[in-house]
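Good morning, and thank you for making time for this short presentation. I would ask you to keep the sequence and the structure in view while I speak.

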Amino acid sequence: MTQHATTGPWDSTRDAQPPERAGKRPPRRVRGAKLGTTVVEQLVDDIVRGALPPGAALPPEADLCEEFGVSRTVIRESVKVIQEKGLVRIEHGRGTQVTDPRQWNLLDDVVLTAVIAHDENVTFLDELVSVRTALEAEMAAAAALARTPDDEERIGAELAVMRANLASTPDFAAADVRFHDMIMAASRNRLGRAIVNSIHDKARTSMLYHGEYNEAVMRQTLAEHQAIKDAIAAGDQEGAAAAMRRHITDSWNRRRP
């Protein structure tokens with residue numbers, strides 16, 4: 001895949017930007033039973049989009065209490081959660097400092113969601129597709145070796161659903177996702193399947209990831225999926241890996257903004 005030199009808001013090489021405004025931040029009152037969850041999500045978003053750049057200190061505890069309209073206990077627990085995600089470190093005498101993006105836990109659901117949401121130059125999505133390609137190619141090869149008749153039937157069934165839904169983009173896309181999942185299930189690689197499903201689910205929340213569907217694109221996708229299915233059915237490990245790698249890479253290149 002072609003590497004792109006642009007940087008996104010999550011990139012550790014970007015110049016640190018000053019906070020959006022001096023003084024107190026505007027109120028962001030939160031309500032409901034999961035106050036801490038909302039505070040965590042909003043602070044993570046602030047950090048990822050650069051409103052609180054690396055090296056910056058979080059606002060004082062009292063200011064955060066006023067900003068979110070919550071107790072000190074909620075703020076303290078929320079900051080601990082953010083620290084566990086790798087976005088801040090608590091230092092005695094210096095307060096709570098935002099860490100370098102290289103320390104962030106990018107597989108954490110909240111962090112990954114925020115990074116993808118602010119990946120305006122799709123550099124992070126490029127990396128995500130690269131990881132997905134490597135894992136799914138490996139699992140396609142494993143599926144060619146470990147498949148059972150039931151696995152082949154499930155893979156074929158999803159391909160048939162795709163073929164029957166060329167006039168329905170949502171149904172086609174849903175069957176596309178299930179086709180890949182059936183191959184990963186056939187590989188018996190539970191960890192690889194969990195990682196791909198997690199990162200792919202988050203990627204699909206970004207409009208930049210989807211691209212445009214039309215009949216020509218869907219027919220090309222069908223042909224690529226057929227090649228993957230045929231290689232797996234033939235027990236061709238190298239062919240299955242190559243077909244999967246080519247499909248994911250070409251599909252991303254077709255729809256990449």
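**Salt bridges, a helix and its surroundings**

I begin with one pair of charged residues: R204 and D201 join their side chains in a salt bridge, with 2.7 Å from N to O. R204 is partly exposed, its relative accessible area being 28%, and D201 is likewise classed as partly exposed, at 38%. Please bear in mind throughout that this is a predicted model.

Let me now set that pair in context. The protein chain contains 11 helices and two strands. In sequence order the elements run α-α-α-β-β-α-α-α-α-α-α-α-α. The chain has 257 residues, of which 43% count as buried. Its exposed surface comes to about 13200 Å², and carbon and sulfur atoms supply 51% of that area. Among contacts with a separation of 6 or more, 72% are between residues 24 or more positions apart.

How far may we rely on the coordinates? The mean pLDDT of the protein chain is 89, and 87% of the residues reach 70 or more. Residues 1-22, however, have a pLDDT below 50, although this stretch makes 45 contacts in the model beyond near neighbours in sequence. Where pLDDT is low, predicted coordinates should not be read in detail.

I return to the charged pairs. How many salt bridges does the structure hold? The count is 18. Some of them are joined into a network, as with D45, D46 and R49.

Two further salt bridges bring us to helix α6. The first is between D151 and R154, whose closest N and O atoms are 3.0 Å apart. Both residues lie in α6, three residues apart, which is about one turn of the helix. As a general point, an α-helix has 3.6 residues a turn, so residues three or four places apart point the same way. Is D151 buried or exposed? D151 counts as buried because its relative accessibility is 4%, and the cut-off for buried is under 20%. R154, by contrast, is partly exposed, with a relative accessible area of 40%. D151 also reaches beyond its own stretch of sequence: leaving aside neighbours within four places, D151 is in contact with A146, A186 and R188.

The second salt bridge is formed by E158 and R178, with 2.9 Å between the closest N and O atoms. E158 belongs to helix α6 and R178 to helix α7, so this pair ties together parts that are 20 residues apart in sequence. Within the pair, E158 is buried, at a relative accessible area of 14%, while R178 counts as partly exposed, at 36%.

That leads us to helix α7 itself. This helix covers residues 169-187, 19 residues in total. From first C-alpha to last, α7 reaches 28 Å, close to the 27 Å expected at 1.5 Å a residue. Which of its residues are buried? They are F172, A175, D176, F179, H180, D181, M182, I183, M184, A186 and S187. The cover over these buried residues includes α5 (123-146), α6 (149-164), α8 (190-203), α10 (215-233) and α11 (237-255). A186, one of the buried residues of α7, is also among the contacts of D151 that I listed a moment ago. Just after the helix, R188 adopts a positive phi of about 70°, and R188 is another of the contacts of D151.

I close with a residue in the segment after α11, namely R256. At 19% relative accessibility, R256 counts as buried, because the cut-off is under 20%. The side chain of R256 is joined to that of D126 by a polar contact of 2.8 Å. How far apart are R256 and G211 in sequence and in space? They are separated by 45 residues in sequence and by 6.6 Å in space, C-alpha to C-alpha.

To draw the threads together: the E158 and R178 salt bridge ties helix α6 to helix α7, and α6 is among the elements that cover the buried residues of α7. D151, also in α6, is in contact with A186 and R188, among others. Thank you for your attention.

Methods:
Residues numbered from 1 in each chain as written. Predicted model: local features only at pLDDT ≥ 70, side-chain atom pairs only at ≥ 80, totals over all residues. Heavy atoms only, no water. Helix = DSSP H or I, 4+ residues; strand = E, 2+ residues; numbered from the N terminus. Expected span 1.5 Å × (residues − 1). Buried < 20%, exposed > 50% of the residue type's maximum accessible area, 1.4 Å probe, protein only. Contact = heavy atoms within 4.5 Å. Salt bridge = Lys/Arg side-chain N within 4 Å of Asp/Glu carboxyl O. Areas by Shrake-Rupley, 256 points an atom, 1.4 Å probe, with all protein chains shown as cover. pLDDT = per-residue confidence, 0-100. Polar contact = N/O pair within 3.5 Å; in protein donor to acceptor, adjacent residues only side chain to side chain.
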